[in-house]
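Here are a few exercises to work through with the model open in your viewer. Try each task before you read its solution.

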Amino acid sequence: MAASDHLGQQFGDYSFKFTEGDGDKDLHRVDAIYKGKSVGFLDWHPYHREGELQHIEVTPEHRRKGVATSMWNFAKKQEDGNFLSHGRERTDEGEAWAKSTKEPMPKRIKI
């Protein structure tokens, strides 16, 4: 399947764009868009019917506004019922955010 993009839901002044990777080994991505500019992204790797979060980032001026959690929720919808999980490798900031989602997490490998 070729890579594809589509815009999704709104969250306040933010919109989200999903880009499906080309093939089973490519990452899927959600971009957070604010006033036409990307202010964050979330990448995950689909493992057959299970996805694992690989990287999430939000620019400093847009942090602590619910952008990361909104990207996470939007990404889960793209999996169409398939499982999406937090990755094992997490920074201190990533650990705090992952805990805030109140979802199961694999044992952390600190980075």
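**Exercise 1. Decide whether F11 is buried, partly exposed or exposed, and find its surroundings.**

Step 1. The relative accessible area of F11 is 30%, so F11 counts as partly exposed. Buried means under 20% relative accessible area, exposed means over 50%, and partly exposed lies in between, with a 1.4 Å probe and protein chains only.

Step 2. This is a predicted model, in which local features need pLDDT of at least 70 and side-chain atom pairs count only at pLDDT 80 or more, while totals for chains, interfaces and linings use all residues. Residues are numbered from 1 along each chain as its sequence is written, and side-chain values use heavy atoms, with hydrogens and water left out.

Step 3. F11 belongs to strand β1, residues 4-11. Helices (H or I, at least four residues) and strands (E, at least two) are DSSP runs, numbered from the N terminus.

Step 4. Apart from neighbours within four places in sequence, F11 is in contact with F16, K65, G66, V67 and S70; contact means heavy atoms within 4.5 Å. The C-alpha atoms of F11 and G66 are 8.7 Å apart, although 55 residues separate the two along the chain.

Step 5. F11 also joins Y14 and Y34 in a cluster linked by ring pairs. Rings of Phe, Tyr and Trp (its six-membered ring) pair if their centres lie within 6.5 Å; planes under 30 degrees apart count as stacked, over 60 as edge-to-face and the rest as tilted.

**Exercise 2. Find which backbone oxygen the side chain of S70 reaches.**

Step 1. Start in helix α1, where S70 lies. With 9% relative accessibility, S70 counts as buried.

Step 2. From there, the S70 side chain reaches the backbone oxygen of G66 at 2.9 Å. Such a polar contact is a pair of N or O atoms within 3.5 Å; within protein, one must be able to donate a hydrogen and the other to accept it, and residues adjacent in sequence count only if both atoms are side-chain atoms.

**Exercise 3. Work out why the pair of W72 and W97 is edge-to-face, and what surrounds W97.**

Step 1. The structure holds 5 aromatic pairs. In the pair of W72 and W97, the ring centres are 5.7 Å apart and the planes stand at 85 degrees, so the pair is edge-to-face.

Step 2. W72 sits in helix α1 and W97 in helix α2, so the pair ties together parts 25 residues apart in sequence. Both residues are buried, W97 with a relative accessible area of 15%.

Step 3. Beyond neighbours within four places in sequence, W97 is in contact with L53, I56, A68, T69, W72 and H86. The side chains of W97 and T69 share a polar contact of 3.0 Å, and the C-alpha atoms of these two residues are separated by 8.2 Å.

**Exercise 4. Find which element gives the largest share of the largest nonpolar core.**

Step 1. A nonpolar core is a set of buried Ala, Val, Leu, Ile, Met, Phe, Trp, Tyr and Cys residues joined through side-chain atoms within 4.5 Å. The largest one has 19 residues, and F16, V30, L42, W44 and M71 have the most contacts inside it.

Step 2. Among the elements giving two or more residues to this core are β2 (14-20), α1 (67-78) and α2 (92-100). The largest share, 6 residues, comes from α1.

Step 3. Look at M71: its contacts beyond four places in sequence include F16, V30, L42 and I56.
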